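Biologist: Could you walk me through this model? I'd like to begin with the strands and then move on to the helices.

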Amino acid sequence: MSPRPLRAAGLALAVAVLAADQLTKHLVLRDLVMGQPLEVTPFFDLVLVWNQGVSFGLLNGAGGSSPWWLIGLAGAIAALLIAWLWRETRALPQAALWLVLAGALGNVADRLHYGAVVDFLDFHLGGLHWPAFNVADSAIVIGAGLLLIDGLFLRRTTMDGGRGETDARA
């Protein structure tokens with residue numbers, strides 16, 4: 001498949017992820033109250049959390065200017081991802097990059113609108129508790145995981161003469 005149809009499909013994927021992210025956050029803000037989790041299963045709750053840091057609450061106490069430097073960092077990363085997307089011709093890495101880009105843009109939209117990111121997916125089991133996250137964070141993690149899989153097991157070798165053969169390291 002040529003890069004143009006891949007880009008169109010990737011853009012559609014990114015728009016769908018961004019729409020799902022923003023819609024779920026809108027519903028959470030409309031229906032949940034801070035500090036009052038909604039138990040879905042014994043190991044999963046919906047809970048409203050304002051994340052002023054990065055994914056999974058890292059750097060949450062970085063100070064009052066953190067939304068702006070995080071927005072700037074996300075913008076720089078988005079520019080690099082777009083440049084990478086423009087050169088990438090294979091479907092899996094393109095899909096992965098679109099997922100990461102959509103997730104980053106979803107969280108940037110929150111930072112611009114609210115000054116923090118809306119997180120609401122809360123998994124826990126026994127004494128173990130994962131920090132709350134959202135659809136955008138999920139897209140970023142899935143995209144990064146796909147890039148890792150591609151890089152470790154599927155990446156074309158540089159010595160194949162450009163024929164696109166895969167490396168047999170898997």
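Modeller: Gladly, and since this is a predicted model, everything I say describes that prediction. A good place to begin is the pairing of β2 with β3, where six bridges join the two strands and they run antiparallel. Within that pairing, D45 stands opposite D122 in β3.

Biologist: And what order do the four strands of the open sheet come in?

Modeller: The order is β1-β2-β3-β4, and the pairing is antiparallel. Because β1 (38-41) and β4 (128-129) stand at the edges with a single partner strand each, one side of each is left without a neighbour in the sheet.

Biologist: How many bridges join β1 to β2?

Modeller: Three bridges join them, again with the strands running antiparallel, and L38 has L46 in β2 as its bridge partner. These two strands form a hairpin, with two residues between them.

Biologist: OK, and at the other edge, what joins β3 to β4?

Modeller: Strand β3, which covers residues 117-125, is joined to β4 by two bridges, and the two run antiparallel. There, L125 stands opposite L128 in β4.

Biologist: Changing topic: which strands does α3 lie across?

Modeller: Helix α3 lies across β2 (44-51) and β3, and it runs at about 120° to β3.

Biologist: How far does α3 reach from its first C-alpha to its last?

Modeller: It has 24 residues and reaches 34 Å, which is close to the 34 Å expected at 1.5 Å a residue. Just after α3, G115 takes a positive phi of about 85°.

Biologist: At what angle do α3 and α4 pack?

Modeller: Helix α3 (residues 91-114) and helix α4 (residues 135-154) pack at about 155°, and their axes are 7 Å apart. That angle makes α3 roughly antiparallel to α4, since angles over 145 degrees count as such. The crossing of these two helices is left-handed.

Biologist: Which residues in α3 and α4 meet?

Modeller: On the α3 side they include L92, P93, A96, L97, L99 and V100, while among those in α4 are A136, A139, I140, I142, L146 and L147. The residues of this contact divide into 15 nonpolar, four polar and two charged.

Biologist: Which ones in α4 would be the charged pair?

Modeller: Those are D137 and D150 in α4, both of which belong to the contact with α3.

Methods
Residues numbered from 1 in each chain as written. Predicted model: local features only at pLDDT ≥ 70, side-chain atom pairs only at ≥ 80, totals over all residues. Heavy atoms only, no water. Axes fitted to C-alpha atoms, helices over the stretch in contact; angles between N-to-C directions. Parallel < 35°, antiparallel > 145°, perpendicular 65-115°, else oblique. Left-handed = near helix turned anticlockwise from the far one by under 90°. Contact = heavy atoms within 4.5 Å. Expected span 1.5 Å × (residues − 1). Pairing = 2+ DSSP bridges.
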